[in-house]
Amino acid sequence: MSEEVQRYGGSGGGVGALSLDLLGQVLDRVREPRDRKACRLVSRAFARAEAAHRRALRALRREPLQRLLRAFPALERLDLSACASLDDASLAAALSGADLAGVRRVCLARANGVGWRGLDALVASCPRLEAVDLSHCVGAGDREAAAVAAAAGLRELSLEKCLGVTDMGLAKVVVGCPKLEKLSLKWCREISDIGIDLLSKKCHELRSLDISYLKVGNESLRSISSLEKLEELATVCCSCIDDDGLELLSKGSNSLLSVDVSRSDHVTTKGLASLVDGHNFLQKLNAADCLHETGQCFLTNLAKLTDTLTVLRLDGLEVSASVLQAIGEGCSNLVEISLSKCNGVIDEGVSSLVARCSHLRAIDLTCCHLLTYNALDSIADNCKMVECLRLESCSSISKKGLEQIASCCPNLKEIDLTDCGVNDAALQHLAKCSELLILKLGLCSSISDKGLAFISSNCGKLIELDLYRCNSVTDDVLAALANGCKKIKMLNLCYCNKITDSGLGHLGSLEELTNLELRCLVRITGIGISSVVIGCKNLIKLDLKRCYSIDDAGLWALARYALNLRQLTISYCQVTGLGLCHLLGSLRCLQDVKMVHLSWVSIEGFEIALRAACGRLKKLKMLSGLKSVLSPELLQMLQACGCRIRWVNKHLVYKD
């Protein structure tokens, strides 16, 4: 053993004789974190190289954070978004004494416990900071924005859903960070036209701006039009913006490459026509769920983008075959088109579109109910390079169309057949797509173990499989998946009520599984859950809602083995306060828990369990009746720690 250690990890020869720089380059080519860890464990030389060469760190717990920051002095990217119970004091303590001079990007998304003091310490410790993500820090306001503004070299900032940020906080940012190139203010509804005007005057380097869901009006678009380098603009659901605002935007700089005006109720084809006319280098246009009909002027101007436009989203639009033909003729370089929930989409329209847009790689035809296999034939004949095909609720397609797709589109990576009524024969054809990564078969009640066996045998690269309400699926399918699709990360088995503990026993071999949905599997117990969590160490999301046979034994298994679990649903499970307390007190990474109608848990049980997890939880869903009986002190403490509670009023109804 000593000779082997010397050979692989010692300094006398083998790996130990190589330089740290060379070993670092080797580690850069090892993509899987698990494989990198294996290298560190087998060789001290690799461990030293990792320490000297590592560029990115994602911390899950605050306790080892200080040690980790000191161990990796070459860090450039730091992700603390999943670091449970992180607050100002723990962040400042972790930063002290660490060499973070090279850190350029920091993610604090959903880190609700971090306020302006923690951000002050962060900015002081990272003098080269270029990007900060504070998205969904709902308690962040102007003081936090002012703290970030001290990073004068900042180029990217996300304040998405920082609900307390106003024009004053934005002013601090734009004055302190004039080099900003990318800024998201999505859902910062206290920001007005005044703040956007100041932003436009101070941040001349801005290339990407998101003002979605703000209550700003046309004056903001007038101000934004002066940004000469702006390439991406999102104004999703800005109800105060209309065609006049888009016309003002069209008269500004001709630099925009991507525009998203989806769900903007007062935008019509007239405004879009003027926008397109003024920005003839547009590559992406999203007008989903804001238009009711197309105008000839819009189609004419759209044709001017024939050399540049690659992405077009027109979800919810009333279209005809002639409109799709016009789009195909005018936008022949499209690589992605979305016609989800568009009325009037028929086979002839799709055929005329794809006949001229042979470069399409992503096609969304969700809820286009009139389509048949003829549309799929046309896609297969003309779009050989298609990678993503969404056909949810296209119930008239058949195995014949899917046979053509499978035969002619070898690069297909994603297909959504939810509620399409496909059967085993269709899956046999689809199994020819060996590059398939994502397969959604929800509500396809005609498929069985036989059809999914074809998928398991030939689609070894599959990472996501949705079998929602596929009632004929049994334990045999899970055995086949465990043998043939070992890379699966996301699996939905909700309402597949023939699944038992025996089937879950096979899932334990899916080591890369991260998301597992088992809602309403009434035959599974804590034994099956134990089998899953013992093998699936990377599990981060688990849904056990209405699994009526899950009791404390299942929670004890989760508490012992599911150490990386972050989201858990246990509503309607037959657990007690003791099991709940042990679970919430043990799982240090758990942040989001849904626990409605836990009938066997007493008020005292809820109190003790929530106190055990206070400081780590970010989201809770509980029965509204508990709001009046839980202690106000506990609720205030949860709120102070950044936990958002969703109170629901649901009757206790048991479902099979």
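**Exercise 1. In this predicted model, determine which backbone atom a side-chain oxygen of D242 approaches at the start of helix α12.**

Solution. Begin at the start of α12, where a side-chain oxygen of D242 comes to within 3.0 Å of the backbone nitrogen of D244. The partner is therefore the backbone nitrogen of D244, and the pair falls inside the 3.5 Å limit for a polar contact.

**Exercise 2. Establish which residues of α12 are buried, and how they are arranged about the helix axis.**

Solution. Step one is to list the buried positions of α12, which spans residues 243-250: D243, G245, L246, L249 and S250. Step two is to look down the axis of α12, where these buried residues fall within an arc of 155°, so they line one face of the helix. A general rule helps in reading such patterns: an α-helix has 3.6 residues a turn, so residues three or four places apart point the same way. Step three is to identify the cover over the buried residues of α12, which includes α11 (218-224), β8 (232-234) and α13 (269-278).

**Exercise 3. Decide whether L282 is buried or exposed, and name the residues that it touches.**

Solution. First, locate L282 in the loop between α13 and β10 (284-286). Next, consider its relative accessible area of 0%; because buried means under 20%, L282 is buried. Then list its contacts, not counting residues up to four places away in sequence: L282 touches L256, L257, S258, V259, V276, L305, T308 and L309. Finally, take T308 from that list: L282 and T308 are 26 residues apart in sequence, and their C-alpha atoms are 6.2 Å apart in space.

**Exercise 4. Find the residues of the largest nonpolar core that touch the most other members, and trace the contacts of L558.**

Solution. The largest nonpolar core has 203 residues, among which I327, L544 and L558 touch the most other members. With neighbours within four places in sequence set aside, L558 is in contact with I529, V533, L542, L544, L565, L568, L583 and L587. A second, separate core has seven residues, including L27, C39, F46 and A49.

**Exercise 5. Describe the largest pocket and the largest cavity.**

Solution. The volume of the largest pocket is about 1800 Å³. Its lining comprises 44 residues, and those closest to the pocket centre are P33, R54, R58, L60 and N538. Among the elements that give two or more residues to this lining are α2 (20-28) and β1 (56-58), while α3 gives the most, with five residues. For cavities, a search of the whole structure finds one of 30 Å³ or more. The largest cavity holds about 40 Å³ of space, and its lining includes L249, L256 and H279.

Terms used
Residues numbered from 1 in each chain as written. Predicted model: local features only at pLDDT ≥ 70, side-chain atom pairs only at ≥ 80, totals over all residues. Heavy atoms only, no water. Core = buried A, V, L, I, M, F, W, Y, C linked by side-chain atoms within 4.5 Å. Buried < 20%, exposed > 50% of the residue type's maximum accessible area, 1.4 Å probe, protein only. Contact = heavy atoms within 4.5 Å. Helix = DSSP H or I, 4+ residues; strand = E, 2+ residues; numbered from the N terminus. Arc of directions from axis to C-beta. Polar contact = N/O pair within 3.5 Å; in protein donor to acceptor, adjacent residues only side chain to side chain. 1 Å grid on protein atoms, 1.4 Å probe; cavity = no way out; pocket = protein on both sides within 12 Å on 5 of 7 lines; lining within 4 Å. Points joined across faces, edges and corners; volume = space filled by probe spheres on them.
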